[in-house]
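Reader: Hello! Could you walk me through one part of this model up close, and then show me how other parts of the chain compare with what you find there?

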Amino acid sequence: MPRAGAPDGIGHRANLPPGERLRVLLVEDDEGDAFLVGELLAETNSMIDLLVATSLSEARQRVAGVDCVLLDLGLPDAQGLDGLRKVLDMASGAAVCVLTGRSDEHLGIVAVAEGAQDYLVKGQVDGVLLTRALRYAVERKRADENARRLREVELRQAESARLERGLLPQPLMTTDQVSVHTFYRPGRHAALIGGDFYDVVQTRPDRIDLIVGDVCGHGVDEAALGVELRVAWRALILAEVPDDEVLPAVEQVLMSERRLREIFATVATIRLDLAAGRATVRLAGHPPPLLLSGGKAAPVPAKGGLLLGVRPRRPVAFDLELDADDWSLLMYTDGVIEGRVGAGDDRLDVPGLADLLADPASQAVPLAELPAWLVGRAERLNGGPLADDVAMLLVSRGGGR
């Protein structure tokens, strides 16, 4: 490979791209051309360690750990693009730069289209150009790898988002006697689902079951466990398992599926008997629902019960008479009531949430927008976004207030 004359003003150290030391494997069967490549790199203080292989089989043994392969397309055991394809296969993590003759320059263009990072024409490069081409080829390979990884991450995120959307519940309800409005916001960054969960199932024309729950923790495992508990609860309700046996069965699922014994969950359930105007509330360590009726908001005085997963015990049922035709029941997770109020350590808590619902400003908010409005007010009091997952269910009859 005859050396081209160096342009005026270019010295041994001029115009070289900075960078770390590179390992380059030259695959070249012509000893003269291999010697010249080594001389060109040496004269520019290129910080490149050159390895030489005279055949593709020898290159296969020496390719491990190299940053770039400088490939002659005319080898005794591989010719043209066939050799390039074999090198691309054996050196998937390294950049590839091909060497062509003047009469075969078109092969260099095709080689880039096949996956090489660059091509050089023998006799038309000096040390500076060769060094720069090799370093740029390595950087292009790294950029291509980063772009590929980013694309893979984006595809995985899109797939995860589709899966998470599929795991969010679709209320199973056909009646128009009541309306149900939901709000859901996971605490995990960029997630669609967290450890909080909710569901609505109508099994008879006048009977509707609702659940809101919270698995402790904020990770993917807790989110998956929340989905399992919700699905188990729905299956039990649809199977018309006796009321007092539903939450104990859900607790068994929790205890068998959790990754750590310390994982627990809190749950609130409501069974609406629309014909009787009654709501049966069961709590397992969960904050009580709020009843909106007659312009007032107050927590349902049901017993708190024990957390699920701590010590199995049936929650105590509390029957709430719904006398009026206009009422709402708000179910929620503690993410909305644990926000701070002001600069101190005071929390919004259940009484604070009830005060927000009793605020005259809330009367102007449509029922469908009321859960999101409450979260917005809680965040304003907190001085910023709420840290925990938030799930809310608002079931209403008539005017809802």
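Author: Happy to! Let's start with E240, which sits in the loop between α6 (220-238) and α7 (243-257). Please keep in mind that this is a predicted model.

The backbone of E240 deserves a look. Its phi is positive, at about 55 degrees, although E240 is not a glycine. Most residues other than glycine have a negative phi. Is E240 buried, exposed or partly exposed? The relative accessible area of E240 is 41%, so this residue counts as partly exposed.

Now for the side chain. E240 meets R204 in a salt bridge, with 3.6 Å from N to O. Because R204 lies in strand β9 while E240 belongs to the loop between α6 and α7, this pair ties together parts that are 36 residues apart in sequence. R204 is partly exposed too, and here the relative accessible area is 40%. With E240 at 41%, both ends of the bridge are partly exposed.

How many salt bridges does the model hold? The count comes to 26, and a few others make useful company for the one at E240. In helix α5 (residues 127-167), E154 and R151 are three residues apart, so about one helical turn separates them. Their side chains meet in a salt bridge of 3.9 Å, N to O. E154 is partly exposed, having a relative accessible area of 37%, and R151 is also partly exposed, with 47%.

Helix α3 (residues 80-90) offers another pair. K86 and D82 are four residues apart there, which means that about one helical turn lies between them. The closest N and O atoms of their salt bridge are 3.4 Å apart. K86 is partly exposed at a relative accessible area of 34%, and D82 is partly exposed at 36%.

Salt bridges can also share partners. Which residues do they join into one network? The members are K141, E145, R148, R149 and E152.

Back to strand β9, the home of R204. Another residue of that strand, Y198, takes part in an aromatic pair. The count of such pairs comes to one. Y184 and Y198 form it, with their ring centres 6.0 Å apart and 50 degrees between the planes, so the pair is tilted, as stacked would need planes under 30 degrees apart and edge-to-face over 60. This pair links distant parts of the chain, since Y184 belongs to strand β8 (residues 179-185) and Y198 to strand β9 (residues 196-204), 14 residues apart. Y184 is buried, with a relative accessible area of 18%, and Y198 is buried as well, at 7%. The two tyrosines are thus buried, whereas R204 in strand β9 is partly exposed.

The unusual backbone angle of E240 has a counterpart elsewhere. D349 is a residue other than glycine with a positive phi, near 60 degrees. Unlike E240, which is in a loop, D349 lies in helix α8 (residues 349-358). D349 counts as partly exposed because its relative accessibility is 40%.

For another loop with acidic residues, go to the one between β1 (22-27) and α1 (31-43), where D30 is found. D30 is partly exposed, with a relative accessible area of 37%. Together with D29, E31 and D77, D30 gathers in a patch of negative charge on the surface. E28 lies in the loop between β1 and α1 as well. Is E28 buried or exposed? At 2% relative accessibility, E28 counts as buried, whereas D30 is partly exposed.

E28 also gives a good example of sequence and space telling separate stories. E28 and V52 are 24 residues apart in sequence, and their C-alpha atoms lie 7.2 Å apart in space. For P288 and V52 the separation is 236 residues in sequence and 75 Å in space, again from C-alpha to C-alpha. P288 has its place in the loop between β12 (278-284) and β13 (290-293), and is buried, with a relative accessible area of 17%.

To return to your starting point: E240 combines a positive phi with a salt bridge to R204, and its loop lies between α6 and α7.

Note on methods. Residues are numbered from 1 along each chain as its sequence is written. This is a predicted model: local features need pLDDT of at least 70, side-chain atom pairs count only at pLDDT 80 or more; totals for chains, interfaces and linings use all residues. Side-chain values use heavy atoms; hydrogens and water are left out. Patches are made of residues with over 30% relative accessible area and no salt bridge: like charges are joined within 9 Å, nonpolar side chains (Val, Leu, Ile, Met, Phe, Trp, Tyr) within 5 Å. Accessible areas come from the Shrake-Rupley method with a 1.4 Å probe; for residues, only the protein chains shown count as cover. A salt bridge is a side-chain nitrogen of Lys or Arg within 4 Å of a carboxyl oxygen of Asp or Glu. Lys and Arg count as positive and Asp and Glu as negative; His and the chain ends are not counted. The place of a charge is taken as NZ of Lys, CZ of Arg, CG of Asp or CD of Glu. Helices (H or I, at least four residues) and strands (E, at least two) are DSSP runs, numbered from the N terminus. Buried means under 20% relative accessible area, exposed over 50%, partly exposed in between (1.4 Å probe, protein chains only). Rings of Phe, Tyr and Trp (its six-membered ring) pair if their centres lie within 6.5 Å; planes under 30 degrees apart count as stacked, over 60 as edge-to-face and the rest as tilted.
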